[in-house]
Amino acid sequence: MLIRKPKASDAKPSEIASETFYQNRRGFMRSMGFIGATALLGNSACAKETPQQLRSLGELKKSPFSTDAAPNSYEDVTQYNNFYEFGTGKEDPYMNSGSFKPMPWSVRVDGEAGITGDFTFEDIIKPHALEERIYRLRCVEAWSMVIPWVGIPLGDILKRFNPTSNAKYVSFETIERPSEMQGQLRPVLDWPYREGLTIAEAMNPLAILAVGVYGKELPNQNGAPLRLVVPWKYGFKSIKSINRITFTERQPETSWNDAAASEYGFYANVNPEVNHPRWSQARERLIGGGLLAPKQDTLMFNGYGEEVAELYAGLDLRKNF
Ligand SMILES: Nc1nc2c(c(=O)[nH]1)N[C@H]1C(S)=C(S)[C@@H](COP(=O)(O)O)O[C@H]1N2
Ligand SMILES: [Mo]
């Protein structure tokens with residue numbers, strides 16, 4: 001997700017290149033049995049503070065929407081991330097998010113809804129059963145992972161706020177806390193990170209608010225304590241560490257679309273036929289497979305066409321990318 005603004009000096013010259021580098025390095029270290037050793041010895045650029053204590057989330061409903069593909073390892077899921085608030089490198093969120101304190105947490109709900117105000121994390125979550133949803137996360141950078149999320153259907157939560165008939169969209173914001181999020185000290189994006197969905201997309205049963213992964217609370221680097229997961233869209237739509245939800249009549253502004261509108265559309269549906277202006281979206285690399293693993297074909301809507309294609313009936317997906 002390279003931004004071509006000259007000010008974005010923090011972004012790497014090529015995220016694709018850095019991804020290949022990472023694969024090389026991890027593949028090499030794994031083959032040498034070094035992964036454990038680096039974690040123990042570390043080095044100045046590679047030392048992780050005390051790991052977070054993450055609570056187990058107990059009994060989880062299994063979901064018929066889960067893929068039966070094998071999940072990536074916990075290490076892949078929690079050590080190869082995009083979360084620019086903690087830096088633009090894939091290992092930065094794991095390395096730099098240790099001092100972020102997600103609790104106590106509150107979410108402001110405002111805009112076109114009957115019930116608005118500030119709600120604690122517990123207020124938002126409590127009435128709902130937690131489900132496990134194993135989804136592929138397809139990053140716009142042409143890599144993917146299979147992740148066992150724990151969450152709640154987004155629509156079930158949103159309905160409790162009684163959106164009005166003017167609520168055509170819903171927008172989300174990430175917390176802005178530069179004292180704990182060192183990436184926010186640089187203008188890599190116009191903070192806070194913002195994303196949005198049409199109300200029909202938000203109400204689709206596939207969209208969830210995730211509160212955990214691998215049966216435990218979300219680690220900071222994965223968007224603690226509350227993040228969106230929209231599996232038929234590129235990963236950047238799945239905004240992390242949400243502290244504001246706004247129902248709107250107009251299409252909301254979103255961070256990546258603001259940064260580079262010709263590269264990142266509002267819809268951002270996974271689509272092998274519509275390339276990013278600088279690379280193909282036809283295929284993807286599954287993280288964790290090693291350098292020699294063949295790329296796999298990208299599926300339309302990331303494989304969820306049956307559930308979501310009708311949301312876009314009559315829409316030109318080349319123009320509305
Ligand atoms: N606030 C915020 N949310 C974010 C991002 C970010 O930089 N900031 N990165 C997005 C991108 S590009 C991807 S691919 C996914 C990655 O989620 P994961 O690291 O949990 O796998 O988070 C998305 N959510
Ligand atoms: Mo992404």
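The legends below describe close-up views of the cavities, a pocket and the ligand in a predicted model.

**View 1. The largest cavity and the residues closest to its centre.** A search of the whole structure finds 3 cavities of 30 Å³ or more, and the largest cavity holds about 330 Å³ of space. The lining of this cavity is made up of 24 residues, and those closest to the centre are Asn-82, Phe-83, Arg-227, Gly-235 and Lys-240. The space of the largest cavity is the one taken by ligand 1, which is the subject of later views.

**View 2. The make-up of the lining of the largest cavity.** Strand E5, which covers residues 143-153, contributes 4 residues to this lining, and that is the largest share. When the lining residues of the largest cavity are sorted by character, 15 are nonpolar, 6 are polar and 3 are charged.

**View 3. The shell of residues around ligand 1.** Ligand 1 is surrounded by 17 residues, with Asn-81, Tyr-84, Glu-85, Thr-174 and Lys-240 as the closest. Of the residues in this shell, 8 are nonpolar, 6 are polar and 3 are charged. Lys-240 is thus listed among the residues closest to ligand 1, and Lys-240 is also listed among those closest to the centre of the largest cavity.

**View 4. Polar contacts between ligand 1 and the side chains of Glu-85, Thr-174 and Lys-240.** In the side chain of Glu-85, an N or O atom is 2.8 Å from a nitrogen atom of ligand 1. The side chain of Thr-174 likewise has an N or O atom placed 2.9 Å from a nitrogen atom of the ligand, whereas for Lys-240 the partner is an oxygen atom of ligand 1, at 2.7 Å from an N or O atom in the side chain. Of the 540 Å² of accessible area that ligand 1 has on its own, the protein covers 99%.

**View 5. The second largest pocket.** This pocket has a volume of about 420 Å³, and its lining consists of 17 residues, of which Arg-55, Met-103, Phe-121, Glu-217 and Pro-225 lie nearest the centre. Helix H5, which covers residues 121-125, supplies 3 residues, the largest share of the lining of this pocket. By character, the residues that line the second largest pocket comprise 11 that are nonpolar, 2 that are polar and 4 that are charged.

Technical notes. Residues numbered from 1 in each chain as written. Chains lettered and ligands numbered in written order. Predicted model: local features only at pLDDT ≥ 70, side-chain atom pairs only at ≥ 80, totals over all residues. Heavy atoms only, no water. 1 Å grid on protein atoms, 1.4 Å probe; cavity = no way out; pocket = protein on both sides within 12 Å on 5 of 7 lines; lining within 4 Å. Points joined across faces, edges and corners; volume = space filled by probe spheres on them. Helix = DSSP H or I, 4+ residues; strand = E, 2+ residues; numbered from the N terminus. Nonpolar A, V, L, I, M, F, W, Y, C, P; charged D, E, K, R; others polar. Near = heavy atom within 4 Å. Polar contact = N/O pair within 3.5 Å; in protein donor to acceptor, adjacent residues only side chain to side chain. Areas by Shrake-Rupley, 256 points an atom, 1.4 Å probe, with all protein chains shown as cover. Sits in = over half its atoms within 2 Å of the grid points.
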